[in-house]
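Here are a few exercises on pockets and a bound ligand. Have the model open beside you and work through each one before reading its solution.

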Amino acid sequence: MRKKLVVGNWKMHGSRAANAQLLAGLKEAGPWNADVAVCVPFPYIAETALALTGTVIAYGAQDCSSHEQGAYTGEVSSVMLQDIGCRYVIVGHSERRAYHAESDQLVADKAKAALAHGVTPIVCVGETRAEREAGQTEAVVKRQLAAVIHTLGHCTGEMVVAYEPVWAIGTGLTATPAEAQAVHAVLRAQLHAATDRSGAMRILYGGSVKADNAAELFSQPDIDGGLIGGASLKVADFAAICRAAAH
Ligand code: PGA
């Protein structure tokens, strides 16, 4: 049985005051019988680390460079993330693929850099609405995942995968549990062909997960938790989703 994982993706939200309140609320609401983490904007990682000292809530970042160090102005390396205790880093989020033109290969290189420094990459894959309507969902997510598997090789088993249909992110539209499970099964089979650790790997669902739909999504056989955007910014909502994962 895979332990569920719930990860809050704060995106570009927060302030020192708001974060302190949110983290204090989560500390009070937990712990849950699930792994829980928050991926916060870079400037707030250090304070998040302090606030979460002594708790089982992990923390991480929302992106990293594919390079270790050097003349890459504005970038943050996975070496630095490891240095400040990050457990996770999200790579290949659809917002980065869309607004920063990140290719499948760049995403794979970022995942590799993270793993090389002991930070678990949460690799996002997902189709746009147009791709779904054209019947390309499977082909798209398989292409995105294949690049990562090819690049990680024998380390493939150490990543977390997140299926996030682009049309469901921040829109209030959610894939039905059956639609999500169908794609998760495809991803699991692809991982199975690549690593003997596929049975232990976690595949998260993301895209308008809320307190009232989380339990049904998480009850699907290949959905091992969630990557939560909007609902991770409110203590009550995020705590309810963590509780839903704990069953
Ligand atoms: P959402 O975002 O929960 O607000 O849809 C999910 C994500 O982008 O990771």
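**Exercise 1.** What volume does the second largest pocket have? Find what occupies it and what lines it.

*Solution.* Keep in mind that this is a predicted model. Start with the size: the volume of the second largest pocket is about 190 Å³. Next, look inside: the ligand takes up this space. Then turn to the walls, where 21 residues form the lining, and Lys-11, Gly-170, Ser-208, Gly-229 and Gly-230 lie nearest the centre. Finally, sort that lining by class: 7 residues are nonpolar, 11 polar and 3 charged.

**Exercise 2.** Which residues come nearest to the ligand? Work out the polar contacts from there.

*Solution.* Begin with the shell of 13 residues, in which Lys-11, His-93, Glu-164, Gly-170 and Ser-208 come nearest. Now check distances against the 3.5 Å cut-off for a polar contact. The side chain of Lys-11 places an N or O atom 2.7 Å from a ligand oxygen, and the side chain of Glu-164 has an N or O atom 2.7 Å from an oxygen of the ligand. With Gly-170, it is a backbone N or O atom that lies 2.7 Å from a ligand oxygen. As for cover, the ligand on its own has 280 Å² of accessible area, and the protein covers 97% of it.

**Exercise 3.** Which helix gives the largest share of the lining of the largest pocket?

*Solution.* First locate the pocket, with its volume of about 470 Å³. Its 20 lining residues include Lys-11, Met-12, Gln-62, Asp-63 and Arg-96, the closest to the centre. Helix α4 (residues 94–99) gives the largest share, 3 residues.

Technical notes. Residues numbered from 1 in each chain as written. Predicted model: local features only at pLDDT ≥ 70, side-chain atom pairs only at ≥ 80, totals over all residues. Heavy atoms only, no water. Near = heavy atom within 4 Å. Polar contact = N/O pair within 3.5 Å; in protein donor to acceptor, adjacent residues only side chain to side chain. Areas by Shrake-Rupley, 256 points an atom, 1.4 Å probe, with all protein chains shown as cover. 1 Å grid on protein atoms, 1.4 Å probe; cavity = no way out; pocket = protein on both sides within 12 Å on 5 of 7 lines; lining within 4 Å. Sits in = over half its atoms within 2 Å of the grid points. Points joined across faces, edges and corners; volume = space filled by probe spheres on them. Helix = DSSP H or I, 4+ residues; strand = E, 2+ residues; numbered from the N terminus. Nonpolar A, V, L, I, M, F, W, Y, C, P; charged D, E, K, R; others polar.
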